[in-house]
Amino acid sequence: MNSVKKVWTALINRHAATARGIKAIAHGVALSALIVGGAYWTVNHERINPTTPGDLFRLPGAVAMAPVQAINSVVAPSAPVFMRQGSLAAGIGQVLRRYTRDGNLADRIATAIVNEGTRKRIDPILLVGVVLTENARLQPAARSNVRATGLMQVMPFHSGKWGCGSGDLVNIESNICHGTSILADLMKRKGSLRSALQGYNGCVRGTNTPHCSRYTGKVLSFASETSRQLTKIRRQESLNRSAGTPTD
């Protein structure tokens, strides 16, 4: 009986160790969601050439989208945004339509994300992940109980400090400019992407924001899903071109 008991104990311990190993692997996979989903990211962003879309991100089996032209002035709320067919911003705009019925709003957000990501040398797909984590309903005037404002939930004390041309955090372009600038600064000062994202969320010590340790995983999950959707869009556009069907 003692020998049988020892065998069962050894088996139970072995299974427990295996379970711990699987859990550790799962955590690693979650942190690598951008790569698994096809999105490309590097913390050493100073080496990225922002004028080359393929250097900002890679979509498997798809041709990288062309960059959208920069907007030098803030777009009026009622002004339509004209997107260049096949551009990165146009693709992101289509993805964001899954979260809002306002197509013009989706396009303005997409354009601002690509412009600011290019300006600060941050992957626009990562910025989409941050925006959707902070404000998945894409409400420009959203304000939290601690007064964090807008699409990227920027704290008021940042207003006007990042050379964004406007301190209005409800304005789409201004808010994304502020949020991207803050994240870019954190990426320069922190030792890893995880630390930079946790810092953006205010999760400095892991306790001052509820469940803040999950923040990085949420951002990467949204970014990975965005990458998958962009891949589908590009493949569909390629099929349409082959069939001679005009794309919207």
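This is a short tour of a predicted model, stop by stop, with something to select at each one.

Before you start, note that residues are numbered from 1 along each chain as its sequence is written. In this predicted model, local features need pLDDT of at least 70 and side-chain atom pairs count only at pLDDT 80 or more, while totals for chains, interfaces and linings use all residues, and side-chain values use heavy atoms, with hydrogens and water left out.

**The whole chain**

Begin with a cartoon view. You should find nine helices and zero strands, where helices (H or I, at least four residues) and strands (E, at least two) are DSSP runs, numbered from the N terminus. Followed along the sequence, the pattern reads α-α-α-α-α-α-α-α-α.

Now switch on the surface. Its accessible area is about 13,500 Å², and carbon and sulfur atoms hold 55% of that; the areas come from the Shrake-Rupley method with a 1.4 Å probe, and for residues only the protein chains shown count as cover. Of the 248 residues, 43% are buried. Here buried means under 20% relative accessible area, exposed means over 50%, and partly exposed lies in between (1.4 Å probe, protein chains only).

Contacts are worth a look too (heavy atoms within 4.5 Å). Among the contacts with a separation of 6 or more, 54% are between residues 24 or more positions apart.

**Helix α9 and its charged side chains**

Next, select E225 and R98 and show their side chains. They meet in a salt bridge, with N to O at 3.1 Å; the term covers a side-chain nitrogen of Lys or Arg within 4 Å of a carboxyl oxygen of Asp or Glu. E225 sits in helix α9 (residues 215-243) and R98 in the loop between α4 (88-96) and α5 (103-120), so this pair ties together parts that are 127 residues apart in sequence. E225 itself is partly exposed, at 21% relative accessibility.

Keep E225 selected and add R228. These two side chains also form a salt bridge, 2.8 Å from N to O. Both residues belong to helix α9 and are three residues apart, about one turn of the helix. R228 is partly exposed at 39%.

Move along to R234 and E237. Their salt bridge has its closest N and O atoms 2.0 Å apart. Again the two are three residues apart in helix α9, about one helical turn. Here R234 is buried at 8% relative accessibility, and E237 is buried at 10%. Going back to the earlier selection, salt bridges that share partners join R98, E225 and R228 into one network. Across the model, the count of salt bridges comes to seven.

**R119 on helix α5**

Select R119, in helix α5. This residue is partly exposed, with a relative accessible area of 43%. Its side chain makes a polar contact with the side chain of E116 at 2.8 Å; that means a pair of N or O atoms within 3.5 Å, where within protein one must be able to donate a hydrogen and the other to accept it, and residues adjacent in sequence count only if both atoms are side-chain atoms.

Leaving aside residues up to four places away in sequence, R119 touches C177 and S181. Try a distance label between R119 and S181: they are 62 residues apart in sequence, and their C-alpha atoms are 9.3 Å apart.

**Last stop: N171**

Finish at N171, in the loop between α6 (124-134) and α7 (172-189). N171 is buried, at 15%. Show its side chain and look for the backbone nitrogen of E173, which lies 3.1 Å from a polar atom of that side chain.
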